[in-house]
Structures are given as C-alpha cells and as structure tokens.
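Take a walk through this structure, one element at a time. Start at the N terminus and follow the chain with the model open.

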Amino acid sequence: MRAVAVFPKTKEIKLIDHPEPNVTRPTDVKVKIINVGVCGTDREIWSGEYGDPPAGSDYLITGHESFGQVVEVGPAVQAVKVGDYVVLTVRRGCPENCIACRQMRQDFCYTGHFTERGIKGAHGYMTEFVVDDEKYMNLVPPEIKDIAVLLEPLTIAEKALMQVFTIQSRLPWECRLEQGGANQTCHNAIVLGAGPVGLLGAMALRLLNMDVHVVARDRAPNPKEELAKSLGALYHATSEKTPQQIAEQIGNVDLVFEATGAAKASFDFLQVVGPNGIFIFTGVPAPMIDITLDAGMLMRDIVLKNQVVLGTVNAPKIAFENGIRDLLEFQKRWPEAVRSLITGFLPLERFQETVKRTDREEIKTVLTLGPSLPLQRAGACAEPATGGRK
Ligand code: BGC
C-alpha cells in the first residue's frame, strides 16, 4: 500500500510501498484511512529535527492526525463495527508499563519510553490502512465526518482545559452569579496563535463562554481575524500592539493558551497574566532560543499573584471523547468557521507540496486517500501481518 515515509539517514521523504497490515489479534481493528492532517510536527519530522522510525526500520511513516473508516474487526471487538468512522489516538504506553501508562494515561508517561504513531517509534497514518487495538479507536458520528480530521489537534486544547478546571479548583474560580454564574463569562482568555490548535482552542473556550482574545502576528483585516470574530472572539495583532496594551484592553488575564511554539512572544505574554491566572504552554519551540526577560519580576508575579505555568502534551482518550462532543457543537454554532479551518485538501501523492508551509493563510492542509473502499467481511481474523512492521 502507498505511504508517505521519512528516511532520517538520507533525509528523504518519499511515497513508498509498505506491506498492508492485517487483523491478527482478537481486539484488532483495521481502518481505511480517509483523511490525514499535516501539522508542524510532521514538518519538523520531515526536516529531520524530530521523530524516530520504529526499531529495525530505516523509515517512519508519518502522520498522526487521522480520520478513517473501519473495514475489518477481530472477533472480540466491541467498541466499533465495520463501516464506523473513527479517529485513532496517537500515543502508546511504555514497555515498562509505568503507573500512568497502566491507567491509559500514556500522555503522562513517566519513563519517556512511549511510542507515538507517526512521530516516535511507530508508523503513522499517512497510508492506506492501519491496524490497532480497539482501545485506541474513537467513534466519530457521521455528522462530523468532514471535520473529524481536526479532532486530534483539538484534543491538545481539550487536555489542557481538563487540567485548567482541576488546577483552578484550588480557588473560587466559578463566576459569581452577577458575572454570569456557571456561564464563565467572568473569565478572560488569551489565545496565542491563530493556527489550528489556537483556533480550535478559541472555539473550545468560547463554548465555555469565556471572553476570548486571539492574538496573532498579522494586522487586521485578515481571514483569521474574520474567523475569530465569527466565534465572538476579539483579534489582536502583535504587529500593532504590545502585550501590555492588549492586556490593558482585556482587563484581568485569567488564562493564556499558547499555541505558537514561539518562545519570545510566549514569555512576553507570561508577563501580563493576572492574579490567580494560568498560562498554558502547548507549543514546542526549537532549543537554544536566547531571550532577555526580567526573571525577578516574573518570579515575583508568579508568587505574589498565585499564578500557574502549565506545560501539556498529547491527549488521553477522554480528551478525544470531549473533543467529539465539542466538534458536534462547533458544527452547530459555527459551521462555516469550523469548516474554514481546513484550508486545503490534497491527494496523498501530492504530499511534497505540503512539506514547507508556503501560504500564510494556510490553517490546516489535509491529505486525502479517497472515499471508502468496499468493506471486507466483518469479524474475519486474517493472516499475520507481512513485514512485521506493526
Ligand atoms: C501531537 C501530539 C504529540 C506531540 C509530541 C503533537 O504534534 O499532536 O500527539 O504528543 O506532537 O510528539
């Protein structure tokens, strides 16, 4: 079957022919991939900065933002059936089975020996078929099949929000009745970055009724500003205003959701977090970025204002489930905005056109593998996988 693979030793990215995997275990599910999103992590892997092939392979099939259809299930599978639409989770637990991995919280793996499909030590989803255990499948309602490829990037925000509510239960975080009660309208959130994770995060924060301020580089008017406005969020351009000017306009900055990977801009905004505020880092910058900042003032604020600085990566199954619920709601409230996050579809063969980001207005480019294939017999437990690459 066709697959997009990176060869770290020769630094090549090629369309290859890879053995098609088969259902071998009773709880295996075979999925025909329909769409795969391209993200910054894929581009870093393609450029050789990140990522590892599976042990014994000289290449890694890339892609971790999946959407597909179940074509075959093992005899013990209960979670999904042939014909269902699914999105697969990304991370698989460590061989030591640490306490986090044992509880299916490999997103908090202690050993660091986890694998991530399409990223670290396991082949990904830029290919025609994948086989995996039913516990990694997330059932997608057909109503959102056209946008379900956005689920994985959304889970980054979903996991962050789960933690925000746990952490902020340290203080009276609920809004007072006169401020909107349980509607959360008393909270001001800054979203740093208007890429897919930022904009999906902005949507999730708007569902919580927060006042959302999307901050990006380009001055308005521009399509991302339009999109932010359509969600009821405000847009601010860093090319026009300083973080302090933006914060003054907002009032108390209760939450900053960073989704840029830009270290300097992020630390600039860390300085405007308000009392009891929480700053969430999700971007992964290049190492060795030297910036000058007033560390004394920053530390003073963190202590004297009871602030939290949180880093978060990957997402558990529950974040995928919350994300599916939220995508259904996004589709109801902002059907055009959520669809416009996908700025281009390309057939898998044309992946080379996505290796470098060339269009400033790109949000999410999706590689497609065509419509569903004729379905195979349900419940069949086929021969072992050829090539042993799983
Ligand atoms: C993916 C995560 C992954 C992280 C680090 C992100 O692009 O969405 O699932 O854990 O990269 O590898």
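Strands here are DSSP runs of at least two residues, numbered from the N terminus. Two of them count as paired if DSSP finds at least two bridges between them. Keep in mind that the model is predicted.

With that in hand, look at the first hairpin. Strand 1 and strand 2 form it, with four residues between them. In the turn, K11 has a positive phi of about 60 degrees. The two strands pair in the antiparallel sense over six bridges. One pair to find is F7, which stands opposite E12 in strand 2.

Strand 1 covers residues 2-7. Strand 4 also pairs with strand 1, again antiparallel, over two bridges. There, A5 has I61 of strand 4 as its bridge partner. The result is an open sheet of three strands in the order 2-1-4, with antiparallel pairing. Strand 2 (12-17) and strand 4 (60-61) each have a single partner strand, so they stand at the edges with one side lacking a neighbour in the sheet. Is strand 1 largely enclosed or not, and why? Five of its six residues are buried, so the rest of the structure largely encloses strand 1.

Now step back to M1, in the segment before strand 1. Is M1 buried or exposed? The cut-off for buried is under 20% relative accessible area. M1 has 14%, so M1 counts as buried. Which residues does M1 touch, beyond its neighbours within four places in sequence? The contacts are I16, D17, H18, P19, E20, P21, T127, E128 and F129. E96 gives a long-range reference point: M1 and E96 are 95 residues apart in sequence and 32 Å apart in space, C-alpha to C-alpha.

Next comes a second sheet. It is open and has six strands in the order 14-13-12-15-16-17, with parallel pairing. Strand 14 (234-237) and strand 17 (308-311) are at the edges; each has a single partner strand, so one side of each is left without a neighbour in the sheet. From one strand to the next, the twist averages 20 degrees. Within this sheet, strand 12 (residues 188-192) and strand 15 (residues 255-258) run parallel and are joined by four bridges. L192 stands opposite E258 in strand 15.

Some backbone details deserve a check. The peptide bond from A220 to P221 is cis, with omega near -5 degrees. P221 sits in the loop between strand 13 (211-216) and helix 5 (223-230). N97 is not a glycine, yet has a positive phi of about 55 degrees. It lies in the loop between strand 7 (91-92) and helix 2 (99-102). N97 is partly exposed, at a relative accessible area of 36%.

N314 also has a positive phi, near 60 degrees, in a residue other than glycine. The loop between strand 17 and helix 9 (317-333) holds N314. At 8% relative accessibility, N314 counts as buried.

N314 leads on to the last stop. How many cavities of 30 Å³ or more does a search of the whole structure find? The search finds one. The largest cavity has a volume of about 70 Å³. Its lining includes N314, A315, P316 and K317, along with T89, V90 and R91. Also among the lining residues are M104, Q106, D107, K135 and Y136. By type, the lining divides into five nonpolar, three polar and four charged residues.

Technical notes
Residues numbered from 1 in each chain as written. Predicted model: local features only at pLDDT ≥ 70, side-chain atom pairs only at ≥ 80, totals over all residues. Heavy atoms only, no water. 1 Å grid on protein atoms, 1.4 Å probe; cavity = no way out; pocket = protein on both sides within 12 Å on 5 of 7 lines; lining within 4 Å. Points joined across faces, edges and corners; volume = space filled by probe spheres on them. Nonpolar A, V, L, I, M, F, W, Y, C, P; charged D, E, K, R; others polar. Axes fitted to C-alpha atoms, helices over the stretch in contact; angles between N-to-C directions. Buried < 20%, exposed > 50% of the residue type's maximum accessible area, 1.4 Å probe, protein only. Contact = heavy atoms within 4.5 Å.
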